[in-house]
Amino acid sequence: MPNPFNLDLATLDRLAVLLQGIPNSGKTYMGGDMLKYESQYGPVQFINVKGEDGWASTAGMGLGNVGVTVESEADVAQVAADMIRNKVHAAVLDGARPLFNAIIIGILQADKPDQRRLPDSKLDGDRSKSYWSQARFRMEENIKLLKTACKVFLATTVSAQDVHEITGEKQVAPDIYGKTGSGLVGLFDFAGYMTWSIQGPGRIRREVSFQTRSDVQTRQRLAFPIKENIILPDGPGGWALVKAAFQRGLRKEVK
């Protein structure tokens, strides 16, 4: 039945965040920092996609035995079910691109390494279009499955230059085959772009951008949008700054 709701009542009780950026921009570290911060509210889960395997950057955060590696859609479904059963509060999916690759492999039923490939019109004929459509749909469904299994969900992906499927403009977007990269942004409440720059010997400045940009695909669902990059600390505490910025965008008091 229809479920009425109040348009003036906006909260961060549930949110999904996508972080993109080139390698070494701090995406996985931010994921670990998010889990550490959110662990005060309930159980957390770190989901590594086989082939990503970059969790070492979260070592030393005191997260403990909360990691699991997935390599198929069946694994994702099992993890999501376990998260619901264990009442997981927050989760990180580290590796959106490897997950999409696994979905394509599943569609093509190519289990042998020498048979793994992308759908191709010469090899697959008209079915190639169907394969791409299936892959995009199933990727979206897997993301939805995970983000509805917890209250705070964060996913990471590497970036690449892409051509937007609507505007035709060149933009930095999630580096995922086909049109899935652009479509992935729309599945999240917030999509940020992480960058870093060298400030001097041993000094690196990391930032994350959620504001509307013509050169990067970003997203924010806020009544009062973020208009500047968020400068991240050299160490833990970045997620607290990001979440506080979200709260200010809702004109909520920061606790």
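This short talk describes the fold, the nonpolar cores, the charged pairs, the aromatic pairs and two backbone angles of one protein. Please keep in mind throughout that the model is predicted.

I begin with the overall form. The protein contains seven helices and ten strands. Its radius of gyration is 19 Å, close to the 18 Å that the globule rule gives for 255 residues, so the protein is as compact as a globular protein of that length. The C-alpha trace spans about 55 × 45 × 40 Å along its principal axes. Of the 255 residues, 46% count as buried. The surface exposed by the protein comes to about 14,000 Å², and carbon and sulfur atoms supply 51% of that area. As to how the chain meets itself, consider contacts between residues at least 6 apart in sequence: 67% of them join residues at least 24 apart.

I turn now to the interior. In soluble globular proteins, nonpolar side chains tend to be buried together. In this model the largest nonpolar core has 34 residues, and those with the most contacts inside it are Met 83, Leu 93, Met 139, Phe 153, Leu 184 and Phe 188. Several helices and strands give two or more residues to this core, among them strand 1 (15–21), helix 2 (73–85), helix 5 (127–147) and strand 5 (152–163). Which element gives the most to this core? The answer is helix 3, with seven residues.

Phe 188 offers a closer view of the packing. Leaving aside residues up to four places away in sequence, Phe 188 touches Ala 16, Val 17, Leu 18, Ile 143, Phe 153, Ala 155, Arg 219 and Arg 221. A second, separate core has 29 residues, including Met 34, Phe 46, Val 242 and Phe 246. Phe 246 will return when we reach the aromatic rings.

The next topic is charge. Side chains of opposite charge can pair when their charged atoms come close. A search of the whole structure finds ten salt bridges, and I shall present three.

In the first example, the side chains of Lys 243 and Glu 38 meet at 2.9 Å, N to O. This pair links distant parts of the chain, for Lys 243 lies in helix 7 (residues 238–249) and Glu 38 in helix 1 (residues 27–38), 205 residues apart. Are these two residues buried or exposed? Lys 243 counts as buried because its relative accessibility is 11%, and Glu 38 is buried as well, with a relative accessible area of 0%; the cut-off for buried is under 20%.

The second example joins Lys 50 and Glu 71, whose side chains meet in a salt bridge at 3.5 Å, N to O. Here too the pair links distant parts of the chain: Lys 50 is in the loop between strand 2 and strand 3 (67–70), Glu 71 is in the loop between strand 3 and helix 2, and they stand 21 residues apart. Lys 50 is exposed, with a relative accessible area of 52%.

The third example lies within one helix. Asp 82 forms a salt bridge with Arg 85, with the closest N and O atoms 2.9 Å apart. The two are three residues apart in helix 2, and are therefore separated by about one helical turn. Arg 85 is exposed, at a relative accessible area of 56%.

Next come the aromatic rings. The count comes to six aromatic pairs. The rings of Tyr 37 and Tyr 41 have their centres 6.3 Å apart and their planes at 65°, so this pair is edge-to-face. Tyr 37 is partly exposed, at 26% relative accessible area, and Tyr 41 is also partly exposed, at 49%.

The rings of Phe 190 and Phe 246 have their centres 3.7 Å apart and their planes at 15°, so this pair is stacked. The pair links distant parts of the chain, with Phe 190 in strand 7 (residues 190–200) and Phe 246 in helix 7, 56 residues apart. Phe 190 counts as buried at 2% relative accessibility, as does Phe 246 at 0%. Together with Phe 210 and Trp 239, Phe 190 and Phe 246 form one aromatic cluster.

I close with the backbone. Most residues other than glycine have a negative phi. Asn 24, however, has a positive phi, near 75°. Asn 24 is found in the loop between strand 1 and helix 1 and is exposed, with a relative accessible area of 55%. Asp 53 also has a positive phi, near 50°. Asp 53 sits in the loop between strand 2 and strand 3 and counts as partly exposed, at 42% relative accessibility.

Technical notes:
Residues numbered from 1 in each chain as written. Predicted model: local features only at pLDDT ≥ 70, side-chain atom pairs only at ≥ 80, totals over all residues. Heavy atoms only, no water. Core = buried A, V, L, I, M, F, W, Y, C linked by side-chain atoms within 4.5 Å. Buried < 20%, exposed > 50% of the residue type's maximum accessible area, 1.4 Å probe, protein only. Helix = DSSP H or I, 4+ residues; strand = E, 2+ residues; numbered from the N terminus. Contact = heavy atoms within 4.5 Å. Salt bridge = Lys/Arg side-chain N within 4 Å of Asp/Glu carboxyl O. Phe/Tyr/Trp six-rings, centres within 6.5 Å; stacked < 30°, edge-to-face > 60°. Rg over C-alpha atoms; globule rule 2.2 N^0.38 Å. Areas by Shrake-Rupley, 256 points an atom, 1.4 Å probe, with all protein chains shown as cover.
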